[in-house]
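Please find below some notes for a colleague who will look at this structure with the coordinates open. They take up single residues, helices, enclosed spaces and backbone geometry in turn.

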Amino acid sequence: MGFCYNNAEWVSLSRGKKTNKKAGDFMREKTKLVDEKELEKQKDFSDKITSILESRYTEKPLACVVTYGCQQNVSDSEKIKGMLSAMGYGFTEKRTEAKLVIFNTCAVREHAEDRVFGNVGALKKYKLANPDVIIALCGCMMQQKHIAEKIKESFQFVDLVFGTHVVHKLPELLFKALTQRKRVFELPDIDGVIAEGLPVKRDNDKKAWLPIMYGCNNFCSYCVVPYVRGRERSRTPENVISEFKELVSEGYKEITLLGQNVNSYGKDLQPKVSFAELLRMLNDVEGDFRIRFMTSHPKDCTRELLETMASCDKVAKHLHLPFQSGNNRVLKAMNRCYTRESYLELINYAKELMGDELSITSDIIVGFPGETYEEFKDTYSLVDELGATSLFTFIYSPRVGTPASKLDDPISYDEKSKWLRELLVLQEKKSAQQMALHGGKTFKCFVYGHGKTCDNYLAARTDGNLIIEFEGDEGLIGSFRNIKVTEPLTYVLLGELTE
């Protein structure tokens with residue numbers, strides 16, 4: 001597949017019971033599972049907080065959970081809200097109504113970090129006027145030592161800071177913040193754990209996020225995720241399938257499997273189980289639902305996975321496969337472990353298997369340190385050849401502690417912005433071409449919410465992740481409906497309901 005280096009080795013932390021691969025429990029070679037004793041301890045702290053809140057407030061206190069970043073962060077916030085709900089908190093979107101404000105942060109780009117600092121700083125007056133309010137920060141930003149030190153020194157009104165590996169300990173940490181007169185910082189430098197059975201308060205009653213693994217082993221040279229999320233660790237198929245079945249029985253129609261690199265699922269289990277095998281197990285569950293997944297890494301994307309996507313009727317025909325750059329020298333400097341040619345080989349095989357049903361999206365970094373305009377044009381030409389329905393494009397953002405942050409970066413931000421605009425103009429043309437292919441077609445769509453085109457329009461998603469907006473009653477939200485495309489636009493399709 002190409003070239004890569006390995007930046008870390010695993011340490012075996014715990015072992016489980018090895019039994020039959022299909023029916024028994026799987027053994028984790030490298031993952032620490034939070035034990036029942038620890039979870040019971042957290043339940044005790046949760047009950048103590050319930051008593052504290054009942055004694056302090058005559059009305060249910062409100063919490064505001066602010067989430068930045070990826071779907072994994074959204075999923076983590078749903079667990080945080082689940083634990084808070086069990087403690088006795090209600091919820092509000094207004095920070096200045098809350099007795100507890102938690103910022104779940106993202107460290108992938110500088111812009112996200114700047115937003116966090118600005119929004120936390122804006123609460124200083126509110127905290128001074130309401131000293132009983134607890135302000136907490138968690139997530140990927142907090143797992144970076146220099147960020148935690150900045151919070152400690154410059155944001156002294158922040159009461160609680162905790163990292164990505166101790167979300168399950170929120171009851172204990174919040175109890176300390178509520179009862180002690182000192183600030184609480186809990187930021188262990190470990191490879192991460194898995195906590196099963198945490199309560200979850202989901203943001204949507206028809207669409208659900210389902211983490212199947214955590215962490216990343218890839219160490220792309222620009223990316224901070226392995227440092228803040230820890231190493232790859234998979235949930236057992238038994239636990240994934242059990243939660244999946246619960247979601248289906250509760251009426252969830254779109255279930256998205258999450259992982260920093262879902263294609264690496266199962267490599268730390270004994271016996272090993274591939275992501276493709278897991279997809280087939282979930283596809284066999286009875287019910288009317290659709291399975292999505294993200295994010296995939298090209299170096300671990302196998303033909304078996306693409307064949308599984310093509311053959312499983314409940315697995316969406318949408319492949320989000322970030323290529324980041326179309327130039328092989330830049331890919332090597334990024335430590336992406338594949339080449340332009342091997343990436344296109346995968347894409348062409350996927351198209352061969354799934355044809356017009358397949359929708360492709362991708363991520364691109366423009367202006368990686370040392371990238372020349374000629375090398376950027378290789379990315380431009382790959383976009384032209386790929387035929388993606390949409391792209392997520394970003395100008396390179398240096399991350400403290402990553403190898404790329406130490407590289408010479410002579411190209412100005414203004415120049416990189418010009419390159420990005422070139423790419424966006426091209427992708428707008430490609431998106432319009434892809435949308436035009438679907439005029440007159442009818443799709444089975446999941447109606448997920450209100451549309452943006454007109455006030456009385458709803459928005460639905462096709463199997464291939466295309467958005468169709470149509471006129472309809474909001475009672476249709478949360479159901480599958482057949483919708484015929486009447487007018488393809490650049491980034492959205494207009495349609496009408498059919499029987």
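1. In which strand is the place of isoleucine 467? The model is a predicted one, and in it isoleucine 467 belongs to strand β21, which covers residues 467–471. Isoleucine 467 counts as buried because its relative accessibility is 18%, where the cut-off for a buried residue is under 20%. Once the neighbours within four places in sequence are left aside, the contacts of isoleucine 467 are Tyr448, Ala459, Ala460, Arg461, Val492 and Leu493. The C-alpha atoms of isoleucine 467 and valine 447 are 9.6 Å apart, with their positions 20 residues apart in sequence.

2. A second buried residue to inspect is asparagine 283, which is placed in helix α9 and has a relative accessibility of 9%, so that it counts as buried. With neighbours within four places in sequence left aside, asparagine 283 is in contact with Ile291, Cys312, Asp313, Lys314 and Val315.

3. Helix α8 runs over residues 237–249, and its 13 residues reach 18 Å from the first C-alpha to the last, close to the 18 Å expected at 1.5 Å a residue. Its buried residues are Pro237, Val240, Ile241, Glu243, Phe244, Leu247 and Val248. These residues lie on the same side of α8, because they cover an arc of only 165° around the axis. The elements against which the buried residues of α8 pack are β10, β13 (254–258), β14 (269–270), α9 (275–283) and β15 (290–294). Glycine 251, which follows α8, has a positive phi near 95°.

4. Is helix α2 largely enclosed or exposed? Of the 17 residues of α2, 13 are buried, and therefore the helix is largely enclosed by the rest of the structure. Its end C-alpha atoms are 24 Å apart, which agrees with the 24 Å that 17 residues should span at 1.5 Å a residue. Just after α2 comes glycine 88, with a positive phi of about 115°.

5. How many cavities of 30 Å³ or more does a search of the whole structure find? The search finds 2, and the largest cavity holds about 210 Å³ of space. Among the 14 residues that line the largest cavity, Asp76, Thr164, Val167, Val193 and Tyr214 lie nearest its centre. Helix α2 (71–87) and strand β9 (193–194) are the elements that give two or more residues to this lining. By class, the lining of the largest cavity divides into 7 nonpolar, 3 polar and 4 charged residues.

6. The second largest cavity has about 30 Å³ of space, and it is lined by Ser75, Glu78, Lys79, Val200, Arg202, Trp209, Pro211 and Glu243. At least two residues of this lining come from each of α2 and β10 (207–211), and α2 gives the largest share, 3 residues. The lining of the second largest cavity has 3 nonpolar, 1 polar and 4 charged residues. Glu243, one of the lining residues, is also among the buried residues of α8.

7. The second largest pocket has a volume of about 410 Å³. It is lined by 22 residues, and those closest to its centre are Gln143, Gln144, Lys145, Asp189 and Tyr227. Helices α5 (145–154) and α7 (225–229) each supply at least two residues of the lining, with α5 giving the largest share, 5 residues. The lining of the second largest pocket consists of 10 nonpolar, 6 polar and 6 charged residues.

8. Some backbone geometry deserves a check by eye, because most residues other than glycine have a negative phi and most peptide bonds are trans. The peptide bond from glutamine 270 to proline 271 is cis, with omega near -5°, and proline 271 is in the loop between β14 and α9. The peptide bond from methionine 294 to threonine 295 is also cis, with omega near 0°, and threonine 295 is in the loop between β15 and α10 (303–311).

9. Two residues that are not glycine have a positive phi: phenylalanine 219, at about 50°, and glutamine 324, at about 65°. Phenylalanine 219 lies in the loop between β11 (213–214) and α7, and at 3% relative accessibility it counts as buried. Glutamine 324 is in the loop between β16 (318–320) and α11 (328–334), and it is buried, with a relative accessible area of 7%.

Key: Residues are numbered from 1 along each chain as its sequence is written. This is a predicted model: local features need pLDDT of at least 70, side-chain atom pairs count only at pLDDT 80 or more; totals for chains, interfaces and linings use all residues. Side-chain values use heavy atoms; hydrogens and water are left out. On a 1 Å grid over the protein atoms alone, a cavity is a set of points where a 1.4 Å probe fits but cannot get out, and a pocket is an open set with protein on both sides within 12 Å along at least five of seven lines; lining residues have an atom within 4 Å of a point. Grid points are joined across faces, edges and corners, and a volume is the space filled by probe spheres set on the points. Helices (H or I, at least four residues) and strands (E, at least two) are DSSP runs, numbered from the N terminus. Ala, Val, Leu, Ile, Met, Phe, Trp, Tyr, Cys and Pro count as nonpolar, Asp, Glu, Lys and Arg as charged, and the others, Gly among them, as polar. The expected span of a helix is 1.5 Å times one less than its number of residues. Buried means under 20% relative accessible area, exposed over 50%, partly exposed in between (1.4 Å probe, protein chains only). The arc is that of the directions from the helix axis to the C-beta atoms. Contact means heavy atoms within 4.5 Å.
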